[in-house]
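Work through the exercises below with the sequence and coordinates at hand. Each task is followed by a stepwise solution.

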Amino acid sequence: MTTSVGPTPPIGNPPAASPLRRVLVRALLSDWFVLWLSLAYFAVLVPFLPTLALPANLANLLSNAWPLLVVALGQTFVMTIGGIDLSQGAVIGLTSTLGAALIATAGPPEVLSKAPIWGLLISEGGGVVAGQVWLGVLAMLIAGALVGLVNGTLIAWLSMPPFMVTLVSMITIGAFAIWLTQSENIRNLPEGYVALGKGDLVSIYLGDKDRSDIPRRELHTLIGQAAVIATALAVALHLLLERTAFGRQVVAVGANRRAAEIAGVPVKRTIVLVFVLSALCATVGALLYSARLEAGRPTLGEGSFLLDVIGATVIGGTSLFGGKGRVIWTVFGVIFFVLLSNSLNLMNLSSFHIDMVKGGVILAAALLDVARTQVLRGST
Amino acid sequence: MTIRTTLLSGLGAAGLLAGLGTGAQAASICFAFQDLETEFWVAGHLAITSTLTEAGHTVIERNANEDANRQLEQVNDCIAQGVDGIIVIPQDGESAVTIVQTAQDNDVPIAVFNRPPSDTSKGIVVVADNATIAAQAVDFVAQQAMAQITDRPIQPLIIVGDLGDPNAVGRRDGFYAALKPYGDKFATPIEVASEWDAATALANLEATVTATPEIDLIFTSSDFLFPTIRSVLEPRGMWVPRGEVGHVLMAGLDGDATACQLIKEGYVDATGVQDLYFEAESALTAILAAVEAGEAQPNEVIADPGFALTADNLGEREMDMWGCVLLADGFLEQ
């Protein structure tokens with residue numbers, strides 16, 4: 001097994017290449033390209049949109065980035081094996097609903113009494129494990145893993161296309177989640193659960209030191225519980241992808257499945273595990289999203305959510321063709337994507353224009369991926 | 001007369017604009033709405049934005065495209081921009097609670113327009129009395145049905161909205177409350193789920209009418225579903241105007257231009273009317289008063305009593321309904 005996990009094979013410069021071309025090629029292939037792009041974008045916009053650099057806005061940027069990052073990390077693994085997971089949004093809807101039903105501290109009968117889960121998972125007194133956050137989280141993770149297991153098994157053992165399998169999962173799991181509560185949202189979540197999405201650990205205040213009463217809006221969250229969860233997961237998955245045999249197998253399967261099989265890589269097992277991992281990441285995303293919204297929602301993850309997840313992953317540099325993907329790229333992709341969304345909001349563009357711009361940026365990132373691949377082929 | 005001037009005149013614009021535009025400094029108001037899918041939301045959006053702009057205030061608009069998480073992020077963006085106040089049309093009652101709490105935690109006054117939070121004790125909540133309005137409209141068609149059908153139980157059908165939305169719950173409650181006094185003159189109502197989505201309503205209504213074609217009375221929880229109902233009933237010969245054999249008694253709620261036209265044409269018999277102009281004016285007045293007074297966490301429930309426009313009172317009350325005002329202005333021809 002000799003496949004490299006690293007992003008940039010040695011670049012051989014053709015003798016005729018100009019210095020400018022060499023710089024461009026190096027920039028294009030750099031691990032840090034998207035981060036530099038984000039910083040440049042930020043620096044260019046700040047004079048025109050000073051709000052962008054306000055501490056409150058930067059705190060918002062971070063809080064919006066954490067749940068998206070968690071979900072995009074799973075998508076990174078799937079794309080690295082040359083697949084795509086369209087079911088992540090539906091997993092978020094299902095697991096957020098299931099977890100909320102189990103741990104809610106009360107269940108309003110006027111809203112939920114007609115739901116199939118009424119009396120089974122939740123009743124007037126709350127969920128069957130009301131208030132026990134970690135049991136609820138465990139149940140969410142098990143449900144998410146099961147969805148990923150089914151997806152991965154169908155893809156690996158029946159050789160079905162990931163697009164088709166996860167599309168079907170998206171539809172059926174999404175409908176199942178809505179059926180469970182008859183489209184109702186589940187509130188009354190325990191404070192400990194809500195804190196996972198909204199809880200502050202470190203906040204900063206940049207105003208006068210001698211004020212006795214600091215308004216809440218001038219206190220900005222620097223590190224929240226969501227940040228700790230997302231960062232820990234990112235570090236763990238980075239190590240998994242870069243430092244373990246499993247990580248190398250993931251890259252090998254994406255680079256050339258047939259060659260990986262011949263080299264002895266357990267391809268089917270790798271594919272299954274990657275889809276389980278993707279669904280688990282979506283479940284952690286469900287936890288963060290439902291906690292910040294203070295409700296389990298069967299429709300969470302619907303709409304253009306997948307555009308954001310896939311967009312951030314592709315912008316980061318994970319290849320649509322498989323065989324190339326790094327956690328750090330996705331971190332930078334999420335930063336750029338969240339910054340882009342935020343800046344377009346601050347420009348007071350309509351949501352339609354914002355989605356059009358996002359679509360254009362994702363297309364540009366996909367073209368960039370093609371260009372990178374061609375540059376790499378030409379330089380090796 | 002343009003829609004805008006129509007809406008402004010409906011809002012009592014002269015007095016309202018004077019009140020909003022003088023004495024107070026120009027305010028920056030964030031208007032976060034969940035979508036503009038129905039006539040009611042389009043007209044409400046126009047009334048609020050044009051009135052604020054005319055009065056010299058800055059309006060920052062945010063459309064969440066029916067995504068509760070996106071709406072929360074947009075409201076946070078507005079707070080970071082330092083807006084003076086927020087008017088929100090939330091995705092549902094649950095997300096409204098979180099958004100109101102977020103705004104109040106950050107000392108920004110917030111008004112919730114038309115779709116109330118599950119907990120109405122926080123924020124300025126402008127809401128129609130959905131149960132009463134629905135009951136008025138349903139009672140009218142129930143009376144008509146009992147006058148026409150005396151030899152068997154009358155079969156009613158209700159198209160319910162997304163029951164995560166307190167408006168939908170109130171409308172369903174009003175429907176049942178209106179039929180309750182008449183006991184066994186009515187068969188058990190058939191419930192058709194719409195989730196406030198025309199495609200979902202179409203699929204479910206198709207299935208229901210195919211299985212049970214003997215339906216005497218239909219109440220839709222929102223007028224925007226009348227075209228959907230028509231597309232199901234018309235091929236089956238059940239889309240017939242009043243006075244002709246086979247007419248299915250029909251009532252709705254909202255008071256939009258389509259409902260107004262259908263009442264005039266005789267296909268619809270009644271609709272519960274939310275007073276859009278009253279609601280928009282109340283929301284704007286309350287939020288701007290809070291901004292001017294420096295009140296960061298105003299809490300108030302403003303109820304819109306509404307009324308039912310029926311085939312019987314059409315001549316007298318037509319122009320009290322916002323949809324009929326828009327219809328007269330050529331809204332459906334644009």
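**Exercise 1: a buried residue with positive phi**

Task: Determine whether B:Asp254 is buried or exposed, and describe its backbone.

Solution. Step 1: B:Asp254 has 31 other C-beta atoms within 10 Å, so it is buried; a residue is buried if 20 or more other C-beta atoms, placed from the backbone, lie within 10 Å of its own, exposed if 12 or fewer, and partly exposed in between. Step 2: the residue is located in strand 9 (residues 249-254) of chain B, where strands (E, at least two residues) and helices (H or I, at least four) are DSSP runs numbered from the N terminus. Step 3: phi of B:Asp254 is near 145 degrees, which is positive although the residue is not glycine. Most residues other than glycine have a negative phi.

The model is predicted: local features need pLDDT of at least 70, side-chain atom pairs count only at pLDDT 80 or more, and totals for chains, interfaces and linings use all residues. Residues are numbered from 1 along each chain as its sequence is written, while chains are lettered from A and ligands numbered from 1 in the order in which they are written.

**Exercise 2: a second positive phi**

Task: Locate A:Glu294 and state its phi.

Solution. Step 1: A:Glu294 belongs to the loop between helix 12 (267-293) and helix 13 (305-316) of chain A. Step 2: its phi is positive, about 60 degrees, and A:Glu294 is not a glycine. Step 3: A:Glu294 counts as buried because 23 other C-beta atoms lie within 10 Å.

**Exercise 3: the surroundings of A:Ile103 and A:Tyr193**

Task: Place A:Ile103 in chain A and list what it touches beyond four places in sequence.

Solution. Step 1: A:Ile103 is part of helix 4 (residues 88-103) of chain A. Step 2: A:Ile103 is buried, since it has 29 C-beta neighbours inside 10 Å. Step 3: its contacts (C-beta atoms, placed from the backbone, within 7 Å) include A:Gly127, A:Val129, A:Leu189, A:Pro190 and A:Tyr193. Step 4: A:Val137 is 34 residues from A:Ile103 along the chain, with 9.0 Å between their C-alpha atoms.

Step 5: turn to A:Tyr193, which sits in helix 8 (residues 191-198) of chain A. It is buried, with 26 other C-beta atoms within 10 Å. Step 6: outside four places in sequence, A:Tyr193 is in contact with A:Ile103, A:Val133, A:Gly136 and A:Ala291. Step 7: the C-alpha atoms of A:Tyr193 and A:Arg292 are 9.3 Å apart, and the two residues are 99 apart in sequence.

**Exercise 4: a helix pair and the whole of chain A**

Task: At what angle do the axes of helix 3 and helix 9 of chain A cross, and which class of residue makes up the contact?

Solution. Step 1: the axes of helix 3 (residues 55-80) and helix 9 (residues 225-243) of chain A come within 9 Å and cross at roughly 35 degrees. Axes are lines fitted to C-alpha atoms, for helices over the stretch in contact, and angles run from 0 to 180 degrees between N-to-C directions. Step 2: among the residues in this contact are A:Trp66 and A:Leu69 of helix 3 of chain A and A:Ala230 and A:Leu233 of helix 9 of chain A. Step 3: by class, the contact has 12 nonpolar, 1 polar and no charged residues. Ala, Val, Leu, Ile, Met, Phe, Trp, Tyr, Cys and Pro count as nonpolar, Asp, Glu, Lys and Arg as charged, and the others, Gly among them, as polar.

Step 4: chain A as a whole has 15 helices and 4 strands. Its C-alpha trace spans about 75 × 65 × 35 Å along the principal axes. Buried residues are 50% of its 380 residues.

**Exercise 5: the sheet and the interface**

Task: Give the strand order of the open sheet in chain B, then describe the side of chain B that touches chain A.

Solution. Step 1: the 6 strands follow the order 2-1-3-4-5-11, with parallel pairing; two strands pair if DSSP finds at least two bridges between them. Step 2: strand 2 and strand 11 (300-304) of chain B are at the edges, each with a single partner strand, so one side of each lacks a neighbour in the sheet. Step 3: the contact between the chains takes 28 residues from chain B and 31 residues from chain A. Helix 4 of chain B gives the most to the chain B side, with 9 residues.

Methods: Contact = placed C-beta atoms within 7 Å.
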